[in-house]
Amino acid sequence: MEKIFVPLIQKLENRSEKFGNLLRKAVRLFCFYTEREWYEMRVLIKGAGDLATGIACRLHTCGFQIIMTEIKVPLTVRRTVAFSRAVYEETAVVEGITGRLAHGPEEIEEILGKRQIAVIVDPDVKYMGAYRPDVVVDAILAKRNLGTSISDAELVIGVGPGFTAGEDCHLVVETKRGHYLGRVIHEGSAIPNTGIPGEIGGYSIERLVKATGDGMFTPLVSIGDLVEKGQIIAYSGNSPVYALMPGMVRGMLQPGVHVTTGLKCGDIDARCVKEHCYTVSDKARAIGGGVLEAILFHQAQAESKNMYKMVRGELKQEEIFYNIISRYGGMSACESAR
């Protein structure tokens, strides 16, 4: 590191003593933060369902600050492993990580300061200015883009089908089970949605529990319960909902939610491993790994590009200084450097 920066500092000091001193302080910050450069990065994840939660857990474990947005009444089926549950329970703990509801953007900093994940009801992301994210991850999984733009942050990642890398986001992460699950896509889109869930334990479409009528959802079983094929496991309005296969209830909507015919409201797992009901799934963990790879790839590309420009002298003095300061130290570090 010194071989790169010392000659540069000496050269700039000859041109401007004041700027050389400032740059020297900036480089100290740079050398300090490169050991943990992504630790201070803030990631906004749109959506807080089970797959989005898998992403959040992986990034939070690696030191990222995480903010998640949700709708007012979440419809997450695998709610025991989703931070969306914090919307109606105030807090949600998944694999030892706490997600806490922020009742407004003013509460976010306090939550993040406690090394917790901030969950806020903001489906339209109207508080983007308060979030100040370095990275935006759209993990709503609506199978289409509901408003994410490539200009939303320095890095924007689309999760699943509905996004095109290079157009409405920088990178896309594959969500379809199989060989390419979790793959980072640099050009193009994820595999289109087929409407048929991946096979688990020999079952596919049978795994899904869907509402058979409109109205209030009333579950008759709990997550972790064993059920038999043909058993009535819930009511949607006045219509009974039957299990289409034997197994363990891995997901079920919370009582009292208004549902419409055909809405996914539960999930049955033939493997019947109770621990699976309370831990991040293999799919969510793989997708989280893909998002982590995408962030680190982008970071490496950006640093290499900036380093090359610095060595080549293609960045102006002010750009070199403020790029380092704003990226690694923020405005407080900039003021202390002055």
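Strand β4 and strand β5 (residues 117–121) run parallel and are joined by 4 bridges, strands being DSSP runs of E of at least two residues and helices runs of H or I of at least four, both numbered from the N terminus. Pairing of two strands requires that DSSP find at least two bridges between them. The model is a predicted one, in which local features need pLDDT of at least 70 and side-chain atom pairs count only at pLDDT 80 or more, whereas totals for chains, interfaces and linings use all residues. Residues are numbered from 1 along each chain as its sequence is written, and side-chain values use heavy atoms, with hydrogens and water left out.

Within the parallel pair, R100 has A118 of β5 as its bridge partner. Together with helix α5 (residues 108–113), β4 and β5 make a right-handed β-α-β unit; a crossover is right-handed if, with the strands pointing away from the viewer, the path from the first strand over the helix to the second runs clockwise. Strand β4 (residues 97–102) is largely enclosed by the rest of the structure, because 5 of its 6 residues are buried. Here, buried denotes under 20% relative accessible area, exposed over 50%, and partly exposed the range in between, with a 1.4 Å probe and protein chains only. Strand β4 is also joined by 4 bridges to strand β3 (residues 91–94), and these two strands run antiparallel. In this pairing A92 is matched with G99 of β4. The hairpin of β3 and β4 has 2 residues between the strands, and E95 takes a positive phi near 50 degrees in it.

The protein chain as a whole contains 8 helices and 17 strands. Of its 338 residues, 48% count as buried. Among contacts between residues at least 6 apart in sequence, 54% join residues at least 24 apart, a contact being heavy atoms within 4.5 Å.

Nonpolar cores were defined as sets of buried Ala, Val, Leu, Ile, Met, Phe, Trp, Tyr and Cys residues joined through side-chain atoms within 4.5 Å. The largest nonpolar core comprises 38 residues, and I45, F83, V137 and I295 have the most contacts inside it. A second, separate core of 21 residues includes F217, A234, L253 and V259. When residues up to four places away in sequence are not counted, the residues touched by F83 include A92, V94, I97, T98, G99, I117 and V119. Also among the residues that F83 touches are A48, T53, A56, C57 and M68. In soluble globular proteins, nonpolar side chains tend to be buried together.

A contact between distant parts of the chain involves A284, which lies in helix α7 (residues 282–312). Residue A284 counts as buried because its relative accessibility is 1%. The C-alpha atoms of A284 and L51 are separated by 4.6 Å, although the two residues are 233 residues apart along the chain. Apart from residues up to four places away in sequence, A284 touches D50, L51, G54 and I55.

Two open sheets of antiparallel strands were also identified. One has 4 strands in the order β14-β13-β11-β16. Its edges are formed by β14 (239–242) and β16 (258–259), each of which has a single partner strand, so one side of each is left without a neighbour in the sheet. Strand β13 (residues 232–236) and β14 run antiparallel and are joined by 4 bridges, with Y235 opposite P240 in β14. The other sheet consists of 4 strands in the order β10-β17-β15-β12. Here β10 (208–210) and β12 (226–227) stand at the edges with a single partner strand each, so one side of each lacks a neighbour in the sheet. Strands β12 and β15 (residues 247–252) pair in the antiparallel sense over 2 bridges, and L226 has M248 in β15 as its bridge partner.

A search of the whole structure yielded 1 aromatic pair. The ring centres of Y127 and Y131 lie 6.5 Å apart and their planes meet at 80 degrees, so the pair is edge-to-face. Rings of Phe, Tyr and Trp (its six-membered ring) pair if their centres lie within 6.5 Å, and planes under 30 degrees apart count as stacked, over 60 as edge-to-face and the rest as tilted. Residue Y127 is partly exposed, with a relative accessible area of 27%, whereas Y131 is buried, at 0%.

The structure holds 0 disulfides, a disulfide being a pair of cysteine sulfur atoms within 2.5 Å. Residue C62 counts as partly exposed at 26% relative accessibility, and C169 as buried at 0%.
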